[in-house]
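Me: Could you take a close look at one single part of this model for me? I'd like to hear how that part sits in the whole, and what its side chains get up to.

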Amino acid sequence: MKKEGKKLVGKLAVSCAGHDRDKIYLITGETDAYVYLADGRLKTWSAPKKKNRKHICLLPAGLSGEELRCLAANPADADTRIKRCIKIYERNSQRVWR
């Protein structure tokens, strides 16, 4: 049985395994074994990437609860906000996950 959780939703994560290694995503959903990731470009809010929890590394950034509610309320603007969040993180930080 799948359990929906919210403890990781809204956090940024980097892919640590697979063909998308070192790519930054926003976690949009989660189950016991998987997380759903969006980058606002290829993987959108409405069609996120399903990835095993073991294959991601969490980053010390993300969206607040209020910002997540805005994404859910206005999915047409969600991808733009996700891209902006990732871009801001990339500009303000160094690669610390590898």
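Reply: Here's a walk through strand β4 and its surroundings, starting with the overall layout.

A bit of housekeeping: this is a predicted model, so local features need pLDDT of at least 70 and side-chain atom pairs count only at pLDDT 80 or more, while totals for chains, interfaces and linings use all residues. Residues are numbered from 1 along each chain as its sequence is written, and side-chain values use heavy atoms, with hydrogens and water left out.

The protein chain has five strands and two helices (DSSP runs numbered from the N terminus: H or I of at least four residues for helices, E of at least two for strands). Along the sequence they come in the order β-β-β-β-β-α-α. Of the 98 residues, 38% are buried (under 20% relative accessible area; exposed is over 50% and partly exposed is in between, with a 1.4 Å probe and protein chains only). Among contacts (heavy atoms within 4.5 Å) with a separation of 6 or more, 51% involve residues 24 or more positions apart.

Now for β4 itself. Its side chains alternate: Lys49 and Lys51 point to one face and are buried, whereas Lys50 and Asn52 point to the other and are not. That fits the general rule, because in a regular strand the side chains alternate between the two faces of the sheet. As for its neighbour, β3 runs antiparallel to β4, and four bridges join the two (strands pair if DSSP finds at least two bridges between them). Val35, for instance, has Lys51 as its bridge partner in β4.

What does the buried Lys49 do with its charge? It forms a salt bridge with Asp20, with 3.8 Å between the closest N and O atoms (the cut-off is a side-chain nitrogen of Lys or Arg within 4 Å of a carboxyl oxygen of Asp or Glu). That pair ties together distant parts of the chain: Lys49 is in β4 (residues 49-52), while Asp20 is in the loop between β1 (11-15) and β2 (24-30), 29 residues away. Lys49 counts as buried because its relative accessibility is 15%, and Asp20 does too because its relative accessible area is 7%.

On the other face, Lys50 lies over the face of Tyr34, 4.4 Å from the ring centre (a charge sits over a ring if NZ of Lys or CZ of Arg is within 6 Å of the ring centre and within 35 degrees of the ring normal). The charged end of Lys23 does likewise with Tyr25, at 5.8 Å from the centre of the ring.

Lys23 also meets Asp39 in a salt bridge, 3.1 Å from N to O. This one links distant parts of the chain as well: Lys23 is in the loop between β1 and β2, and Asp39, 16 residues apart from it, is in the loop between β3 (34-38) and β4. Lys23 is partly exposed at 31% relative accessibility, but Asp39 is buried at 2%.

For contrast, look at helix α2 (residues 75-92): Asp77 and Arg81 both lie in it, four residues apart, or about one turn. Their salt bridge comes in at 2.9 Å, N to O. Asp77 is partly exposed at 26%, and so is Arg81 at 34%. Back at β4, salt bridges with shared partners join Asp20, Lys49 and Lys51 into one network. A search of the whole structure turns up five salt bridges.
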